[in-house]
Amino acid sequence: MTTETQKKEVLGRVTLLGVRLSFADIWKPKTLKRDDGSESDPKFSANFLIPKEGDLMAVYKGKKMPIMKALKAAKMDAIGKKLGAEKAQELKIRANNYCCKDGDEENYYGYAGQYYVSTNNSKKPVIKGRDKRNLSEQDGIVYSGCYVNAIVTLWYQPAGTKGGNAVPHAVYGSLEAVQFVRKGEAFGAPGVDDDDFEDLTDEDDDIGDDDTPDDDDDDDML
């Protein structure tokens with residue numbers, strides 16, 4: 001028996017636990033350029049990394065389970081909500097049309113050996129701290145590279161046409177909320193170390209022995 005105080009269950013909504021945040025456009029919406037050169041409406045977005053060899057968990061429909069199992073169940077429910085459970089089992093979604101992707105197929109730092117969930121939403125996500133207080137960008141606590149809990153909703157798009165263009169069967173991820181869990185190395189360009197330079201101490205130092213251009217050559221440098 002349900003009561004008014006119980007939370008309404010949303011099919012396809014998953015809480016990912018301890019995932020790593022990447023491409024965190026969670027404070028200001030950004031437009032995305034489509035293949036045809038046009039731009040999308042501004043959206044908030046984020047990716048969440050899942051180690052392939054890890055044992056991360058998720059919560060789906062009130063039950064804690066392995067994260068990939070939860071995502072698969074949410075995917076089936078998202079499709080089944082529109083097509084029915086039997087057709088959901090039969091329908092094949094292409095990898096590039098599913099929000100859970102293979103990081104080894106990307107050329108992004110930190111994505112090797114990972115799966116990742118790609119999400120976006122036109123509505124700003126809820127951003128919380130460990131103590132559940134609301135966070136702002138100025139707090140500097142949530143950033144690309146830190147570890148978070150994330151609430152995402154998987155939803156099914158049936159094949160058809162949109163704006164005169166064909167759209168495929170797809171399951172996308174809606175970004176709902178993010179909670180900071182712990183710090184992690186911030187994503188960005190890798191640092192520079194000593195091995196990036198060669199040892200030049202054994203080479204002849206001819207600096208300063210170069211011929212000096214004649215004064216007449218100055219007119220050529222305009």
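The exercises below work through strand pairing, the nonpolar core, aromatic contacts and one buried polar residue in a predicted model.

**Exercise 1. Trace the strand pairings that involve E2 and E6, and give the direction of each.**

Solution.
1. Start with strand E2, residues 43–51. E1 and E2 run antiparallel and are joined by 5 bridges. Within this part of the sheet, Asp-25 stands opposite Ser-45 of E2.
2. Go on to strand E6, residues 114–121. E2 and E6 are antiparallel too, with 8 bridges between them. Here Phe-48 has Val-117 of E6 opposite.
3. Strand E5, residues 100–102, is also joined to E6, by 3 bridges in antiparallel fashion. Cys-100 has Val-117 as its bridge partner in E6.
4. Finally, E6 and E11 run parallel, with 2 bridges. Thr-119 has Gly-173 in E11 as its bridge partner.

**Exercise 2. Decide whether E2 is enclosed or open, and find which elements build the largest nonpolar core.**

Solution.
1. Count the buried residues of E2: 7 of 9 are buried, so the strand is largely enclosed by the rest of the structure.
2. Turn to the core, which has 40 residues. The members that touch the most others are Leu-16, Leu-21, Ile-26, Phe-48 and Val-142.
3. List the elements that give two or more residues to this core: strands E1 (13–30), E2 (43–51), E3 (57–60), E8 and E11 (170–182), together with helix H1 (67–83).
4. Link this to the first exercise: Phe-48, which touches many core members, is the residue that stands opposite Val-117 in E6.

**Exercise 3. Describe the pair formed by Tyr-108 and Tyr-111, then find the charged groups that sit over tyrosine rings.**

Solution.
1. The model has 6 aromatic pairs. In one of them, the rings of Tyr-108 and Tyr-111 lie 5.1 Å apart, centre to centre, with 70° between the planes. An angle over 60 degrees counts as edge-to-face, and this pair is edge-to-face.
2. Compare accessibility. Tyr-108 is partly exposed because its relative accessibility is 40%, whereas Tyr-111, at 1%, is buried.
3. Extend the pair to its cluster: ring pairs link Phe-23, Tyr-108, Tyr-111 and Tyr-116.
4. For the charged groups, the end of Lys-52 sits over the ring of Tyr-115, 5.2 Å from the ring centre. The charged end of Arg-182 sits over the ring of Tyr-147, at 3.9 Å from the centre.

**Exercise 4. Is Gln-157 buried or exposed, and what does its side chain meet?**

Solution.
1. Locate the residue: Gln-157 lies in strand E8, which covers residues 147–157.
2. Apply the cut-off. Buried means under 20% relative accessible area, so Gln-157, at 14%, is buried.
3. Look for a polar partner. A polar atom of the Gln-157 side chain lies 3.1 Å from the backbone oxygen of Pro-168.
4. List the contacts of Gln-157, leaving out residues up to four places away in sequence: Val-167, Pro-168, His-169, Ala-170 and Tyr-172. Pro-168 therefore appears both as a contact and, through its backbone oxygen, beside a polar side-chain atom of this buried residue.

Notes: Residues numbered from 1 in each chain as written. Predicted model: local features only at pLDDT ≥ 70, side-chain atom pairs only at ≥ 80, totals over all residues. Heavy atoms only, no water. Helix = DSSP H or I, 4+ residues; strand = E, 2+ residues; numbered from the N terminus. Buried < 20%, exposed > 50% of the residue type's maximum accessible area, 1.4 Å probe, protein only. Polar contact = N/O pair within 3.5 Å; in protein donor to acceptor, adjacent residues only side chain to side chain. Contact = heavy atoms within 4.5 Å. Phe/Tyr/Trp six-rings, centres within 6.5 Å; stacked < 30°, edge-to-face > 60°. Lys NZ or Arg CZ within 6 Å of the ring centre and 35° of its normal. Core = buried A, V, L, I, M, F, W, Y, C linked by side-chain atoms within 4.5 Å. Pairing = 2+ DSSP bridges.
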